[in-house]
Amino acid sequence: MEETREHWGNKLGFILAAAGSAVGLGNIWKFPYITGENGGAAFIIIYLLCILLIGLPVLIAEILLGRYAQKGPISTFRNYAKRHKKIWMAAGALFFLTGFIILGYYNVIAGWSMGYVFESLSGHIAGFSSSGDAALHFQKLVSNPLWILFWHFVFVATGGLVVYFGVKNGIERIARLLMPIFFLILIFLVIWGISLDSNGKGLAFLFKPDWSTISFKTVLIALGHAFFTLSVGMGVLLTYGSYLDKNDNILFCGSMIVVLDTLIALMAGLAIFTSVFGMGFNPAEGPGLVFNVLPAVFSMMPGGSLFSLLFFTLLSIAALTSTISILEMLVSTLLDETRFSRHHIVIVVSALIFILGIPAALSFGSWSNIRLFDRTMFDIMDYLSANILLPLGGLLIAVFVAWVMKKSTVLNELYRGISENRGLCRTGNVWFFLLKFVAPVLIVLVFLSITGII
Ligand code: TRP
């Protein structure tokens, strides 16, 4: 049904929506805490290398593949795999599955952040004299199944509502509205954080590398996070790319998305670590960093409720523009593969995601003892998707575009709508080289290191 495929209103709409997908809990909740746990600046440098050498090339490939095929992941592989069609379609199905797993647990944290917007409004984020008090409050909330399931539900429903309205009227419109608000709040928080960090400890933590903390495991975490934060390796950007106009410059759009995502992660790191150090707290708090430590930081400063409100609004916006991108991938795949309408699909998929998220939601309370390999359901969903399925998906995309498709077809698609010149051809060739050799080899090496082979 080629003629009915929706498209973005324009290139900016696409960049904002894709950047909205990329900028999410990964940037504001996860990046700061894994940086805190893995030693700060040295980790950031490895992460930036992963972004540049692997994340960016694969991101461009994924968008390009989507625009070329004008379909979601499963149909794309079905239509363009010359051999081993079944295996490639299974890869598409794997993307679909990864989407479900990520959304299941991602919505839970997103729900917490929305819940914390209301906590801030009702004046509950105040009066903590230590991070222990704030952590206790957090613990009380997340172990209450009603609280956690209520917000999980609200968040899934909000995302579903946006996707219900479609690409241009739903996703693009919300991205255009929310991304600028998001940016303004973040700039404000950065300036304020830096003003708190009077002895520069937070800045040193972020920018002065200590290499003794780095191991292979750190590289794996950095690589997994590079995929996660860019939304790469799961067919989401492929889907967004399929709504892109044939004449838009993919190299430019892709680079903009990566620059925005990286800039925003660093800004979030700045805002958070300067205030955490500035007020004398511990940066290596793990997943609770923004919920256990920041509320204590907020309650110890003048105007803290306002900052808390701004911060959790920021987090909720970031999470919303990301969940809708994953949901759109799931919905678009089903639109390609079945004859149901968008509206019916959105309702059914949202309901399934809500159900799938229940074990993840309860992992922090009544189900915290249900463990496999010493991990809660939440941890399993997070580890499996971010550290294994996404890099695997990225590998599959790199192999498909660089090894299965013809180089001339790929470069033609890359250069569409741009007047070719020598500099551009060189960039195209460097990109293709990174995609064909560097990214796959590095991903495989990191995989081997988890299995203990090297
Ligand atoms: N990139 C988002 C974040 O940083 C999460 C996300 C959205 C995502 N869409 C994705 C991750 C697709 C992997 C694949 O929070």
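**Helix packing, aromatic pairs and selected residues**

Thr-76 has its place in helix H4. In this predicted model, Thr-76 counts as buried, with a relative accessibility of 0%. Once neighbours within four places in sequence are set aside, the contacts of Thr-76 are Leu-65, Ala-69, Lys-71 and Leu-238. A partner from far along the chain can also be placed: Thr-333 is 257 residues away from Thr-76 in sequence, yet the C-alpha atoms of the two are separated by 9.9 Å.

Just ahead of H4 comes a residue with a notable backbone angle. Gln-70 lies in the loop between helix H3 (41–69) and helix H4 (73–80). Although Gln-70 is not a glycine, its phi is positive, at about 55°. The relative accessible area of Gln-70 is 9%, and the residue is therefore buried, the cut-off being under 20%. A similar description applies to Ser-231, found in the loop between H10 and helix H11 (236–242). Ser-231 is not a glycine either, and its phi is positive at about 65°. With a relative accessible area of 14%, Ser-231 is buried. A glycine with a positive phi can be added here: Gly-417, which follows H17, has a phi near 75°. Within helix H17 itself (residues 407–415), the buried residues include Val-410, Leu-411, Glu-413, Leu-414 and Tyr-415.

Helix packing is considered next. Two packed helices are described by the angle between their axes and by the distance between those axes. For helix H5 (residues 85–121) and helix H7 (residues 145–164), the axes come within 7 Å and cross at roughly 105°. This angle makes H5 roughly perpendicular to H7, because crossing angles from 65 to 115 degrees are counted in that class. On the H5 side, the residues that meet H7 are Gly-104, Asn-107, Val-108, Ala-110, Gly-111, Trp-112, Met-114, Gly-115, Tyr-116, Phe-118 and Glu-119. Their counterparts in H7 are Trp-147, Ile-148, Trp-151, His-152, Val-154, Phe-155, Val-156 and Thr-158. By character, the residues of the contact of H5 with H7 comprise twelve nonpolar, six polar and one charged.

Aromatic rings offer another view of the fold. The structure holds 39 aromatic pairs. One of them joins Tyr-164 and Phe-165, whose ring centres are 5.8 Å apart and whose planes stand at 80°, so this pair is edge-to-face. Tyr-164 counts as partly exposed, at 29% relative accessibility. Another pair, formed by Phe-205 and Phe-273, is tilted, with 5.0 Å from centre to centre and 55° between the planes. Phe-205 belongs to helix H9 (residues 201–207) and Phe-273 to helix H12 (residues 250–278), so the pair ties together parts that are 68 residues apart in sequence. Both Phe-205 and Phe-273 are buried.

Rings also take part in arrangements with charged side chains. Lys-30 lies over the face of Phe-228, 4.6 Å from the ring centre. At Tyr-383, the charged end of Arg-375 sits over the ring, at 4.2 Å from its centre.

The account ends with two residues in and beside helix H10. Pro-209 lies in the loop between H9 and H10. Its relative accessible area of 39% makes Pro-209 partly exposed. When residues up to four places away in sequence are not counted, Pro-209 touches Ala-41, Ala-42 and Ile-45. In contrast to these contacts, the C-alpha atoms of Pro-209 and Arg-173 are separated by 41 Å, with their positions 36 residues apart along the chain. Gly-224, for its part, is placed in helix H10 (residues 216–230). Gly-224 has a relative accessible area of 1% and is buried. Leaving aside neighbours within four places in sequence, Gly-224 is in contact with Ala-386, Asn-387 and Pro-391. From Gly-224 to Val-444, the C-alpha distance is 12 Å, while the two residues are 220 residues apart in sequence.

Terms used
Residues numbered from 1 in each chain as written. Predicted model: local features only at pLDDT ≥ 70, side-chain atom pairs only at ≥ 80, totals over all residues. Heavy atoms only, no water. Phe/Tyr/Trp six-rings, centres within 6.5 Å; stacked < 30°, edge-to-face > 60°. Buried < 20%, exposed > 50% of the residue type's maximum accessible area, 1.4 Å probe, protein only. Helix = DSSP H or I, 4+ residues; strand = E, 2+ residues; numbered from the N terminus. Lys NZ or Arg CZ within 6 Å of the ring centre and 35° of its normal. Axes fitted to C-alpha atoms, helices over the stretch in contact; angles between N-to-C directions. Parallel < 35°, antiparallel > 145°, perpendicular 65-115°, else oblique. Contact = heavy atoms within 4.5 Å. Nonpolar A, V, L, I, M, F, W, Y, C, P; charged D, E, K, R; others polar.
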